[in-house]
Amino acid sequence: MLKKVMATITEYSMLARGDGIVIGLSGGADSVAMTHFLHNCLTELELRIVCVHVHHGLRGEEADSDLEFCQEFCENLGIELIIVRYNVAVEANKRNIGIEEAGRILRYECFNQALQELRYNKIAVAHNQDDMAETVIMNTTRGAGGIRGIPPINGNIIRPLINVSRKKILEYCGHYRISYRTDSTNESNNYTRNWVRNFLLPQMRDNLNPHINLALSRLATISADEDGLISNIAKQAYEKCVKYSKNNQDGLIIDLGQFVTHDIAIKRRIIRMVIEEMLGNTKNITYEHVKSILALTSLQSGKQIPLLDGYMAEKSYNEICIKKPSANDGFSLDLAKNIPIYVSQINRWICLSENIIKENAFTKAINCDRITDGSLQIRTRLSGDRIFFNNVGTKKIKDFFTDKKIRRDGREQAVFIAYGQDVILIFNINGDNDKPIESHKFNPSENDSNTIFLQIWKK
């Protein structure tokens, strides 16, 4: 075991002289063996270590005995032990997640908190080669995308035992006469990982390959190396064909002109990268989600694919936009003369007055004889809206947007100043700084003496 651990530490540069390490100590053979090993490295590498034990509030007296064991174990080695107590079942209910996931999240939160408070720089956890094999099977069979195992190093998290089998770890404990705790729930096959560990892997070992754990671990390592290479290629492609939309960064846009030039493997990566940027992760994004977004490239403009939590993918001419849930609820405000009004939805002041009251504001002159006081509205789009241009005549707003190839998000964000269903002004289509679109219907003529001014400026 010692040779494999040292080889892993060297290969991935896990330890450096003077490192401060927070060790996750459950009391099981894996974490106990890892702690014992790192303790033996203290003098040579001038390491600073502290153990953190999280009491999950489950398994009653057995969990209490685990805690007492960890206290005694650390006391014998002269290592500081931080104890954190949680009721994981309650936390899982609060966060609306499973107990296993809640326990994992809480453990890492505790490890990171200790890391910050002590100003240490690394977290050591005791995943081993058997854990790697189990994870590869679980991720692959649920279609997680690629053959994904457990990385030996992930940011400030190190896993010195990742290439060591559980059998070798138990031999290490026996050789050094190190006692450890056994979690009784590990024997229950009610949990997926336990079923893989206790039933599926032994069957594969007996009937397929006696070294199945090593084979799966190597497969994950090779896959991770190749995944890194493809990811770098995909990142370069992403930079060229993905951009933020103009409307307050409410979505990410894939330029299909660039996108379609790439291989299907890179396209899938780009899509998953866009989704991760928007949603924060791709945890519940399936192969079918990615496949459906790919299919949008050959569909007509306006087609949409629902993702998760209200997010949408939409084809818009030569683009696909991954959009946030719409926060632009419809609204309508009356615009009276000589009373400036602030419209929070668009961060603008708007005023209709006989005189120009604001220098450097956008100003539009209107024939006042054709407008009655209180009849103008600031609002979002309504069915039947129309706009008039001198050289074109009257067009339905729907047709105008289609002709101008305005994407759906631009249509939803658009704000109108209208007289009935006659639109006088449209703005906020393609972002804050775009020039408003003006109707010609209410423009004053040279002989008009009764003119009023519509002014718009940012807060």
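**Exercise 1. Warm-up**

Does Phe401 count as buried or exposed?

*Solution.* Before we start, note that this is a predicted model, where local features need pLDDT of at least 70, side-chain atom pairs count only at pLDDT 80 or more, and totals for chains, interfaces and linings use all residues. Residues are numbered from 1 along each chain as its sequence is written, and side-chain values use heavy atoms, with hydrogens and water left out.

Step 1: take the cut-offs, where buried means under 20% relative accessible area, exposed means over 50%, and partly exposed lies in between (1.4 Å probe, protein chains only).
Step 2: the relative accessibility of Phe401 is 0%, so Phe401 counts as buried.

**Exercise 2. Aromatic rings**

State how many aromatic pairs the structure holds, then classify the pair of Trp195 and Phe199 and the pair of Phe400 and Phe401.

*Solution.* Step 1: rings of Phe, Tyr and Trp (its six-membered ring) pair if their centres lie within 6.5 Å; planes under 30 degrees apart count as stacked, over 60 as edge-to-face, and the rest as tilted. The structure has eight such pairs.
Step 2: for Trp195 and Phe199, the ring centres are 5.4 Å apart and the planes stand at 35°, so this pair is tilted.
Step 3: place the two residues. Both belong to helix 9 (residues 192–207), four residues apart, which is about one turn of the helix. Here helices (H or I, at least four residues) and strands (E, at least two) are DSSP runs, numbered from the N terminus.
Step 4: check accessibility. Trp195 is partly exposed at 36%, and Phe199 is partly exposed at 41%.
Step 5: turn to Phe400 and Phe401, a tilted pair with 6.0 Å from centre to centre and 45° between the planes. Phe400 is buried, with a relative accessible area of 6%. Phe389, Phe400, Phe401 and Phe416 make up one aromatic cluster.

**Exercise 3. An open sheet**

Work out the strand order of the open four-stranded sheet and name its edge strands.

*Solution.* Step 1: two strands pair if DSSP finds at least two bridges between them.
Step 2: the order is 13-14-22-15, with antiparallel pairing.
Step 3: strand 13 (341–343) and strand 15 (362–367) are the edges, since each pairs on one side only.
Step 4: look at one edge in detail. Strand 15 meets strand 22 (residues 451–458) through six bridges in the antiparallel sense, and Ile366 has Ile452 in strand 22 as its bridge partner.

**Exercise 4. Strand 1 and its partners**

Find out which strands pair with strand 1, and how its two faces are covered.

*Solution.* Step 1: recall that side chains in a regular strand alternate between the two faces of the sheet.
Step 2: sort the residues of strand 1. Gly20, Val22 and Gly24 lie on one side, Ile21 and Ile23 on the other, and all are buried.
Step 3: follow the bridges. Strand 1 runs parallel to strand 2, with five bridges, and Val22 stands opposite Val50 there. Strand 1 is also parallel to strand 4, with three bridges, and the partner of Val22 in strand 4 is Ile123.

**Exercise 5. Nonpolar cores**

Describe the largest nonpolar core and say which element gives the most to it.

*Solution.* Step 1: a nonpolar core is a set of buried Ala, Val, Leu, Ile, Met, Phe, Trp, Tyr and Cys residues joined through side-chain atoms within 4.5 Å.
Step 2: the largest core has 34 residues, and Met1, Ile23, Leu25 and Phe73 touch the most other members.
Step 3: among the elements that give two or more residues to this core are strand 1 (20–24), helix 2 (29–40) and helix 4 (60–77). Helix 2 gives the most, with six residues.
Step 4: another core, of 26 residues, lies apart from it and includes Ala237, Leu256, Ile270 and Ile322.

**Exercise 6. A buried lysine**

Locate Lys122 and identify the backbone oxygen that its side chain reaches.

*Solution.* Step 1: Lys122 is part of strand 4 (residues 122–124), and Lys122 is buried at 12% relative accessible area.
Step 2: its side chain reaches the backbone oxygen of Met14 at 2.5 Å.
Step 3: list contacts (heavy atoms within 4.5 Å). Leaving aside neighbours within four places in sequence, Lys122 is in contact with residues including Ser13, Met14, Asp19, Asn156 and Ile158.

Conventions:
A polar contact is a pair of N or O atoms within 3.5 Å; within protein, one must be able to donate a hydrogen and the other to accept it, and residues adjacent in sequence count only if both atoms are side-chain atoms.
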